[in-house]
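Dear colleague,

Please find below the structure that I am handing over to you. My notes on what was found in it follow directly after.

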Amino acid sequence: MLRAWLAQGSGRGDPLAALASAGGQGLGAAYAAEHRPLLLAALGRPEAIDELIRAARSAGPRNARLRIAGAALLQRRDRAGALRLLDAPGAPLAAARRAVAAGRPLPGAIDGPDDALAELLVRLALDLHTQELTALAAGFARIATWLAPDNSETWLVAAELLGQQDRERIAVPLLVNIRADDPFAATMRDQRIRLLVDGGDKEAALAAALAVTRGAGAAAPDWVQLGEVYLALDRQREAADAFGRALALRTDGDETQAEWVLWLMRGGALDKAGDWPQAREALRTAYRLAPEQPFVLNYLGYAQIIRAENVEESMRLLRDAHQRAPDSGAITDSLGWALYLQGDVAAAIPLLEQAAEGEAADVEINEHLGDAYLAAGRRVEARFAWAAALAYAEGEAAARIRTKIDTGAVPRIAAR
């Protein structure tokens, strides 16, 4: 591939013949499938658009990037072809279409060896990350930013991979290199807010998220992100209000966030804010919209059962959730704990053991298992389970679990 692009850049040799040697199977073929249409576009070949569209459809998350890279080159000589290439759903593609229609040049064109090598390194970085070679992947992505600084994907990927290594303080400043009129500018804003939260700078994340929602054209996803920042700050009521605003702005057919998800998020925030009546209403709305979703079934069933409300219905919801998602540790724990609360400790323990095996670092699951062991008279095993919970517990949870270990307090079991 490098020889192909060097031939294109120097004007010496046949680029397509050089690229053909990367055919066959494996990684070489996969990379060549992306680079052949880009090379055809750089050579001005008429079949480039159709091949780019086919390659983009197979590129998964990189679909928008490949289309925009091709359109950035094509718009110089074929505006209609560039718009055809951009005719696909997604916010970055919509922003790119507006730019082309207004006659503004798109950044990130691939028309020579530097740009092509940057694109190749980004793809290589993403594949290395899937193999858990994130530090190496971040290095390749960072090199790509120097080769093609106007390609926003290089900055986005480099920042993301640094964030994956808990290096958010290095990652966040990289994103300033993406222009405000770039098609991926909104993606950059979202990523910056998320990295600020992950890096512990939650107040800066809140300020950034608020600025987005106060701007012209703020949409439902912007309010969802604000709600998520409020959740990170444990400001549950404000999070619920933000999710409510997202629901009000959501339009029919909006695929960025399913309506039931927003109602579930709002219900969860209201529940944690202490407003159970409104939370229950929101959760029931989510259940009405998505009665087949196991996490909706689980949340509504669990929230009711721990309050001894609608016990028969709640048990049915939790059993249905477990049947639909038997490998979910959280859902398995919910059913096990519900059985424990109903006094069926013998049936609860195997489920709680299964949940703890799958989620060994989960504080609540291990605490539940310890409580069930103690109720069954298995005191030594109870202390082991509580110790596992204590290893990851903080604050009030840590104090409560320490008391159980020290005193062997027998938890209350709800009446049938």
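In this predicted model, Arg 65 has a relative accessibility of 4% and therefore counts as buried, the limit being under 20%. Its salt-bridge partner is Glu 153, with the closest N and O atoms 3.6 Å apart. The contact joins distant parts of the chain, since Arg 65 belongs to helix H5 (residues 63-74) and Glu 153 to helix H10 (residues 152-164), 88 residues apart. Glu 153 has a relative accessibility of 8%, so this residue counts as buried as well.

The pair also belongs to a wider arrangement: a network of salt bridges links Glu 34, Arg 62, Arg 65, Glu 119, Arg 123, Asp 127 and Glu 153. In the structure as a whole there are 25 salt bridges.

Two further salt bridges deserve a description.

The first is formed by Asp 271 and Arg 307, whose closest N and O atoms are 2.7 Å apart. Asp 271 is part of helix H16 (residues 259-272), while Arg 307 is in the loop between helix H18 (294-305) and helix H19 (311-324); the salt bridge therefore ties together parts that are 36 residues apart in sequence. The two partners fall into separate accessibility classes: Asp 271 is buried, at a relative accessible area of 16%, whereas Arg 307 is partly exposed, at 30%. Arg 307 has a further contact, in that its charged end sits over the ring of Trp 276, 4.0 Å from the ring centre. A contact of this kind is also found at Arg 142, where the charged end sits over the ring of Trp 146 at 4.4 Å from the centre.

The second is the salt bridge between the side chains of Glu 353 and Arg 378, with an N to O distance of 3.7 Å. This pair, too, links distant parts of the chain: Glu 353 is in helix H21 (residues 345-358), and Arg 378 is in the loop between helix H22 (363-375) and helix H23 (379-390), 25 residues apart. Glu 353 counts as partly exposed at 30% relative accessibility, and Arg 378 counts as partly exposed at 29%.

Turning to aromatic contacts, a search of the whole structure gives one aromatic pair. Trp 337 and Tyr 340 are stacked, with 4.3 Å from centre to centre and 15° between the planes. Both residues are in helix H20 (residues 329-341), and because they are three residues apart there, about one helical turn separates them. Trp 337 and Tyr 340 are both buried.

Two pockets were examined.

The largest pocket holds about 1,300 Å³ of space. Its lining consists of 42 residues, of which Ala 91, Ala 186, Asp 190, Pro 221 and Asp 222 are the closest to the centre. Helix H7 (91-101), helix H12 (185-198) and helix H14 (220-232) are the elements that each give two or more residues to this lining. H12 supplies the largest share, with nine residues. By character, the lining of the largest pocket comprises 21 nonpolar, nine polar and twelve charged residues.

The second largest pocket has a volume of about 560 Å³. Among the 20 residues that line the second largest pocket, those closest to its centre are Pro 61, Leu 126, Glu 153, Leu 156 and Val 157. Glu 153 thus appears both here and in the salt bridge with Arg 65 described above. The elements giving two or more residues to this lining are H5, helix H8 (113-130), H10 and H12. The largest share, five residues, is that of H10. The lining of the second largest pocket divides into nine nonpolar, three polar and eight charged residues.

Finally, some overall figures. The protein has 24 helices and zero strands. Along the principal axes, its C-alpha atoms fill a box of roughly 80 × 45 × 35 Å. Of the 416 residues in the protein, 51% are buried.

With kind regards

How values were computed
Residues numbered from 1 in each chain as written. Predicted model: local features only at pLDDT ≥ 70, side-chain atom pairs only at ≥ 80, totals over all residues. Heavy atoms only, no water. Phe/Tyr/Trp six-rings, centres within 6.5 Å; stacked < 30°, edge-to-face > 60°. Helix = DSSP H or I, 4+ residues; strand = E, 2+ residues; numbered from the N terminus. Buried < 20%, exposed > 50% of the residue type's maximum accessible area, 1.4 Å probe, protein only. Lys NZ or Arg CZ within 6 Å of the ring centre and 35° of its normal. Salt bridge = Lys/Arg side-chain N within 4 Å of Asp/Glu carboxyl O. 1 Å grid on protein atoms, 1.4 Å probe; cavity = no way out; pocket = protein on both sides within 12 Å on 5 of 7 lines; lining within 4 Å. Points joined across faces, edges and corners; volume = space filled by probe spheres on them. Nonpolar A, V, L, I, M, F, W, Y, C, P; charged D, E, K, R; others polar.
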